[in-house]
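Please look through the structure shown here with the report that follows, which takes up a surface site, a helix pair, an interior residue and several charged pairs in turn.

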Amino acid sequence: MENDQYAYRPRHAPFYPFQDQAEFDLAKFICEHLTQSDMEQFLKLEWVCLELSKDQLLAWVASLPTGPKWRSTTLEMTGYPTIQLINLIWRDGLEVVQDLFANPIFANHMTYDPHVVVDGNERKYSEYFTAQQAFEIQDQLPEGATIVPMIVASDKTPVTWHMGGLEMHPIFVTIANIQSDMRMRATCHAWRCIAYMPIPKFIDVHPDYQTILSQRLFHKCMDIVFADAKVAAMVGKFMPDPAGHLRHCFTPLEEAKAHSLSGIHQPFWRNWQHSDPSRFLVGEILHTCHKFFFDHPFKWCKELVGKDELNLRFRSHHKRVGTHHFSSGVCQMKQMTGREHRDLQRTLVPSITGVAQSPVYSDTSVDSMVASLKEFHDQKHAILDAGTRRGTKGTLDNFIIPKLKLLQSFASFTKDTGALIQWTADVTERLLITHCKLPFERTSRQSRTFTEQIIDILNREESMWRFQLYLFLRMHNSPLVNAIVTEEQEVTETDPALAWIARVAPNDPNQRCFVGPRPGILSSTATAAFHITVTPDRAKIQFMTVWRNDCGHFKTWNKFRLQLHSVFRSRMIMPSQVVQAAPPSEQFPLGNCDAVITQSIHGDQTVNHIAQVWVVFQPIAPRHVTLPHYLADQPLLYVQYYEIVGDPGSQPAIGMYTVARKYWEGPTGQRIRLGAVIPLTDVTHAVELIPMYGQGADRMVGAATSMEVYECFYLNNFSDKEVYHSLRSDLH
């Protein structure tokens, strides 16, 4: 920003060319939501009161400094004419990588050197820089050089519904230097779109050759976009890091989604130094694992259990915040997102009587993964014996499944490139929706100027994003070159932008647009934080005290939030989880209450319990009365307990704890659910319970009542990978 030709003007007028913050915000809103014809009509309204034309507004935005510029190149395939011109919309891949590498927002989330992580006597594999390939490449580079591994992803998507429904290949890029837990979140903006590759229709070409020509065009476009990146991979390029230090960087290709190579004699990676397709075309979780599960094991389950019964069981699952509930069943679904795939897999095992996607592996866990796959192959004949492996023409007697064969390579890929979850396409699938279609919707739909309009829109978006960040820093007199601060206190890693903005502008009210942990009640060991709203859901409820025969009052909440440290990275704070404790209502006639694990200390012994939270409350002190600290310091919970009736070893095919309602037997034979009042801070985890359906689910029980009607449950350790690893130790 400071090197721009107009940089001297903002020193005296920070909002130049705009008058103030309000005018810039209006311009940004107009450019992001309106077409040019809509802009013109809006600015002519008397209410707007701006002596400003559409052309002047766009000229102001165009004068803002920008990052890597968008451009277009017209291509042709010699001898093969197309219905429309082939226009590649792109920006230089190396320039975008430089921009990402220098981004100060990721300063505390960057890795520059290969390193070995050891826990006890075992080596850990997680980030790319902890795996073997990073060391092999580093050994081939000059002393002091830095690897900037490029990760490339693409997929075909429709970008317009006019002009015949235009389809393109958006190309996304990021770098493995950014920690994987940041790269894997679409909201962190660690991925950048660098090209829109056309999918042309060739004239008078046999359909069999349309695909071959399109694939050749794809590789030709990739050559153009990454030409400079290939040079940098060979001879290096000096790039500034987030602290402004110059580093001699080399840019190997470390991960890319495979495209058909039928008829391709010059793939784009042929002259890309340190790039081997047998290594960068790694197993991809979304398409290799999730789609394999949906296309094969899930179909076997439908055949075995029956579609109607399986739908009934999924519909009756208790609804938890943050987990997809299949209220219409699962058997009719044709297409799902990666998250829906995971939520289905996490609950399928207990629903019909997955493997947790760990971000950190050891030699032992890799061996366990190999052993699990071997166990499947040893037992897979049972699937054929049950007749559940079926094709379009009936029962199949084989396991010729390419995705199943690819699973054999996961162990070697993990040691070579790090945990495979970091290469999932979940993020880029999401970006196809959020980043690719909106710009195309703001064109005037005139094919003659369509490409030029898209380039202008994309450049404007880039300029406004940078200018907004620049204004934020200028208003707080913060340096534009980020200074990395070694923080003695705990680093909050839920959002890199949050931590960075909090440092440069700790008291700015605009931080509300960033999402991160909220201050709350800490557990005694400071390992968990609890959040409740300032205003309770019911401010004053009267109750009668039996021992004094008088009235008291308390306030209640329908839910609270729980935040924990990651099991895998103790410095990382996980997003908060909602624990519900709602009273009976029309929608939930028996209440809507979630299950948790609680931990209490009795003498020198720590005891863990499974419990259902029924009420979150806090007593209200009468006038002129001071409550004791254990009543006034934090809310209390009324919980009802479950007892563990089976451990994972008792049912190895399922591998889960089984729990049942715990009762108190009265002197006259009555059975009352055993409950207790405990401090809020006794809660250690939110967990999911799945009813034990037996031979068939009760058709009269739905999601609103299943937690109260059923007596026995599976404690679902596959509900998420944090719970999976926590339960292995916490309940022993």
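## Helix α8 and a surface patch

In this predicted model, V231 lies in helix α8, which covers residues 227-235. Because its relative accessibility is 47%, and values between 20% and 50% are classed as partly exposed, V231 falls into that class.

V231 does not stand alone at the surface, since V231, M234 and V235 together form a nonpolar patch there. The accessible area of these three residues, taken together, is about 280 Å².

## Packing of helices α2 and α3

Helix α2, made of residues 36-43, packs with helix α3, made of residues 54-62, at an angle of about 115 degrees, and their axes are 9 Å apart. On the α2 side the contact is made by Q36, M39, E40 and L43, while K54, L57 and L58 make it on the α3 side. Sorted by class, the residues of this contact comprise four nonpolar, one polar and two charged.

## V97 in helix α4

V97 belongs to helix α4, which runs over residues 93-101. With a relative accessibility of 0%, V97 is under the 20% limit and is therefore counted as buried.

When neighbours within four places in sequence are set aside, the residues in contact with V97 are V148, M150, V173, I175 and M239. A further relation in space is that of V97 to I151, which is 54 residues away in sequence, with a C-alpha to C-alpha distance of 10.0 Å.

## Salt bridges

The structure holds 16 salt bridges. One of them joins R466 to D99, with 2.5 Å between the closest N and O atoms, and both R466 and D99 are buried. These two residues also take part in a network of salt bridges that links R91, D99, R192, E462 and R466.

In another salt bridge the side chains of K124 and D119 meet, at 4.0 Å from N to O. K124 has a relative accessible area of 19% and so counts as buried, the limit being under 20%, whereas D119, with a relative accessible area of 49%, is partly exposed because exposed requires over 50%.

A salt bridge is also formed between the side chains of R671 and E665, where the N to O distance is 3.3 Å. E665 has a relative accessibility of 48%, and it is therefore classed as partly exposed.

Conventions:
Residues are numbered from 1 along each chain as its sequence is written. This is a predicted model: local features need pLDDT of at least 70, side-chain atom pairs count only at pLDDT 80 or more; totals for chains, interfaces and linings use all residues. Side-chain values use heavy atoms; hydrogens and water are left out. Patches are made of residues with over 30% relative accessible area and no salt bridge: like charges are joined within 9 Å, nonpolar side chains (Val, Leu, Ile, Met, Phe, Trp, Tyr) within 5 Å. Accessible areas come from the Shrake-Rupley method with a 1.4 Å probe; for residues, only the protein chains shown count as cover. Helices (H or I, at least four residues) and strands (E, at least two) are DSSP runs, numbered from the N terminus. Buried means under 20% relative accessible area, exposed over 50%, partly exposed in between (1.4 Å probe, protein chains only). Axes are lines fitted to C-alpha atoms, for helices over the stretch in contact, and angles run from 0 to 180 degrees between N-to-C directions. Contact means heavy atoms within 4.5 Å. Ala, Val, Leu, Ile, Met, Phe, Trp, Tyr, Cys and Pro count as nonpolar, Asp, Glu, Lys and Arg as charged, and the others, Gly among them, as polar.
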